[in-house]
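Q: Please go through this structure with me and say what each label rests on. I would like the cut-off beside the value each time.

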Amino acid sequence: MSRRSVLVAAGWVATVAVATLIGLGAIRLVGESITGTPGGIRSEAEIERALASPEPAPTGTTGTGPAASGTASPGPATASAASPGPGVRRSFATDGGTAVAECGPDGVRLVSWAPAQGYRVHEVDRGPDDDVEVTFEGSAGRHELKVRCIDTEPVAVADD
């Protein structure tokens with residue numbers, strides 16, 4: 001091998017080594033956003049604490065737009081307290097999805113809603129009003145959730 005071939009090979013190996021080190025350094029700097037969740041993996045106790053702490057009030061609502069209609073088959077709704085305070089929030093769950101409602105001076109309003117897997121949001125009346133409603137629709141049927149304020153607390157009620 002000539003001296004020139006050895007220098008070319010050594011230069012190529014050095015270039016590859018430098019490029020690899022730069023790539024590893026960049027991944028280490030950006031690391032968590034590329035290779036994992038921010039803050040690392042959480043323990044079961046950390047998740048329970050995070051879920052138990054009240055969330056800040058969102059500035060808007062979430063949900064999806066209307067879809068096709070179908071036949072009604074109401075599902076049971078269960079509720080759990082989300083956060084105490086002046087505007088009491090409560091979350092409700094049906095087989096078709098979940099929703100969070102809040103009572104305020106203007107009545108009840110839906111803060112957020114999300115369909116369960118295999119369902120979509122068919123119709124939403126988010127309020128504020130005397131009552132609010134969200135309808136989830138899927139292949140297993142239609143689930144309507146209607147909420148009113150009773151003593152400044154959101155409560156699921158049967159559809160009139």
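Q: How many salt bridges does the rule give?
A: The rule asks for a side-chain nitrogen of Lys or Arg within 4 Å of a carboxyl oxygen of Asp or Glu, and the count comes to seven salt bridges. The model is predicted, so local features need pLDDT of at least 70 and side-chain atom pairs count only at pLDDT 80 or more, while totals for chains, interfaces and linings use all residues. Residues are numbered from 1 along each chain as its sequence is written, and side-chain values use heavy atoms, with hydrogens and water left out.

Q: What makes E153 and R90 a salt bridge?
A: The closest N and O atoms of E153 and R90 are 2.3 Å apart, and the limit is 4 Å. E153 belongs to strand β8 (residues 153-157) and R90 to strand β2 (residues 89-94), so the pair ties together parts that are 63 residues apart in sequence. Strands here are DSSP runs of E with at least two residues, and helices are runs of H or I with at least four, numbered from the N terminus.

Q: Why is R90 called buried or exposed, and what is E153 called?
A: Buried means under 20% relative accessible area, exposed over 50%, and partly exposed in between (1.4 Å probe, protein chains only). R90 has 17%, so R90 counts as buried. E153 has 32%, so E153 is partly exposed.

Q: How do you know that R109 and E102 form a salt bridge?
A: Their closest N and O atoms are 2.9 Å apart, which meets the 4 Å rule. R109 is partly exposed at 25% relative accessibility, whereas E102 is buried at 14%. R89, E102 and R109 are linked in a network of salt bridges.

Q: Why does the pair D131 and K146 count as a salt bridge?
A: The closest N and O atoms of D131 and K146 are 3.9 Å apart, and the definition accepts a pair within 4 Å. D131 lies in strand β6 (residues 131-138) and K146 in strand β7 (residues 141-150), so 15 residues of sequence separate the parts that the pair ties together. D131 is buried at 17% relative accessibility, and K146 is buried at 8%.

Q: What makes strands β3 and β4 a pair?
A: Two strands pair if DSSP finds at least two bridges between them. Eight bridges join β3 (residues 97-104) to β4 (residues 107-115), and the two run antiparallel. One of the residues concerned is V100, with S112 as its bridge partner in β4. A hairpin of two residues joins β3 to β4.

Q: Why is the link between C103 and C149 called a disulfide?
A: A disulfide is a pair of cysteine sulfur atoms within 2.5 Å, and the sulfur atoms of C103 and C149 are 1.9 Å apart. The count by this rule is one disulfide. The torsion about the S-S bond is about -120°, so the disulfide is left-handed. C103 lies in strand β3 and C149 in strand β7, so the pair ties together parts that are 46 residues apart in sequence.

Q: Which of the labels buried and partly exposed does each cysteine get?
A: C103 is buried at 3% relative accessibility, and C149 is partly exposed at 28%.
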